[in-house]
Amino acid sequence: AYLVYRFLYNALRFFHHLYSDGSRMLFHYFFRILGKLEGIFALSLTARYFFHPLYQDFSIVGRIVGIFFRSGRILIGLFVYALLAVFFILVYLAWMLLIPLLLFEIFSAASPALFAALIS
């Protein structure tokens with residue numbers, strides 16, 4: 001009974017570590033990279049000062065160039081954020097489906113042999 005208990009306990013700990021702790025670690029890295037990208041693109045700061053003149057150039061040309069420059073910076077930043085989000089979603093789905101797919105492959109490959117053994 002003790003060995004069965006320890007086997008089940010360790011199996012549950014494995015899945016808890018794989019899914020719960022692994023998910024927490026993956027999202028931690030995702031938000032850490034988002035923070036580093038925020039330091040590069042300064043998306044929130046750029047959006048906050050969107051209508052302010054670029055480099056304190058209060059002329060009409062400075063204001064127009066500032067809007068175009070900040071628009072491009074925001075679009076590029078959003079594109080990079082979206083690429084990062086798609087990448088992390090794909091990695092997360094692969095992480096979550098790894099064990100079920102492996103078990104499916106094992107049992108689908110073993111089922112013809114198991115079926116033949118049951119018949120004979």
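**Figure 1. Leu90 and the nonpolar surface patch of helix α3.** In this predicted model, Leu90 is exposed, its relative accessible area being 54%. The residue belongs to helix α3, which covers residues 60-119. Together with Val86, Ile89, Leu93, Leu97 and Leu101, Leu90 makes a nonpolar surface patch of about 570 Å². Leu90 can join such a patch because its relative accessible area of 54% lies over the 30% that patch residues require.

**Figure 2. The protein chain as a whole.** Three helices and zero strands are found in the protein chain, and the order of its elements from the N terminus is α-α-α. The C-alpha trace spans about 90 × 35 × 15 Å along its principal axes. The radius of gyration of the protein chain is 26 Å, whereas a compact globule of 120 residues would have a value near 14 Å. Buried residues make up 20% of the 120 residues in the protein chain. Its accessible surface comes to about 9,500 Å², and carbon and sulfur atoms contribute 79% of that area. Among contacts with a separation of 6 or more, 73% join residues that are 24 or more positions apart.

**Figure 3. The salt bridge between Asp21 and Arg24 in helix α1.** Side chains of opposite charge can pair when their charged atoms come close. How many salt bridges does a search of the whole structure find? The search finds one salt bridge, and Asp21 forms a salt bridge with Arg24 in which the closest N and O atoms are 3.5 Å apart. Both residues lie in helix α1 (residues 2-41), where three residues, or about one turn of the helix, separate them. Asp21 is partly exposed at a relative accessible area of 27%, while Arg24 counts as exposed at 53%. The classes follow from the cut-offs: Asp21, at 27%, is partly exposed because its value lies between 20% and 50%, and Arg24, at 53%, is exposed because its value is over 50%.

**Figure 4. Arg70, a buried charged residue without a salt bridge.** Arg70 is found in helix α3. This arginine is buried yet has no salt bridge. Where is the nearest side chain of opposite charge to Arg70? That side chain is Asp57, at a distance of 11 Å. With neighbours within four places in sequence left aside, Arg70 is in contact with Thr46, Tyr49, Phe50, His52, Pro53 and Leu54.

**Figure 5. Thr46 in helix α2.** Thr46 is placed in helix α2, which consists of residues 43-48. Is Thr46 buried or exposed? Thr46 is buried, and its relative accessible area is 7%; the class applies because this value is under the 20% limit for buried residues. Apart from neighbours within four places in sequence, the residues in contact with Thr46 are Phe41, Arg70, Arg73 and Ile74. The contact with Arg70 links this view to that of the buried arginine, whose own contacts include Thr46.

**Figure 6. Ser23 and its surroundings.** Ser23 lies in helix α1 and is buried, with a relative accessible area of 10%. Which residues beyond four places in sequence are in contact with Ser23? They are Leu18, Tyr92, Trp95 and Met96. Ser23 and Leu98 are separated by 75 residues in sequence, and their C-alpha atoms are 13 Å apart in space.

**Figure 7. Ala42 and Tyr55, two loop residues with positive phi.** Ala42 is placed in the loop between α1 and α2. Although Ala42 is not a glycine, its phi is positive, at about 50°. Tyr55, in the loop between α2 and α3, is likewise not a glycine and has a positive phi of about 55°. Are Ala42 and Tyr55 buried or exposed? Ala42 is buried, with a relative accessible area of 17%, whereas Tyr55 counts as exposed at 71% relative accessibility. Ala42 is placed in the buried class because 17% is under 20%, and Tyr55 in the exposed class because 71% is over 50%.

Key:
Residues numbered from 1 in each chain as written. Predicted model: local features only at pLDDT ≥ 70, side-chain atom pairs only at ≥ 80, totals over all residues. Heavy atoms only, no water. Patch = residues over 30% accessible without salt bridge, like charges linked within 9 Å, V, L, I, M, F, W, Y side chains within 5 Å. Areas by Shrake-Rupley, 256 points an atom, 1.4 Å probe, with all protein chains shown as cover. Salt bridge = Lys/Arg side-chain N within 4 Å of Asp/Glu carboxyl O. Helix = DSSP H or I, 4+ residues; strand = E, 2+ residues; numbered from the N terminus. Buried < 20%, exposed > 50% of the residue type's maximum accessible area, 1.4 Å probe, protein only. Lys, Arg positive; Asp, Glu negative; His and termini not counted. Contact = heavy atoms within 4.5 Å. Rg over C-alpha atoms; globule rule 2.2 N^0.38 Å.
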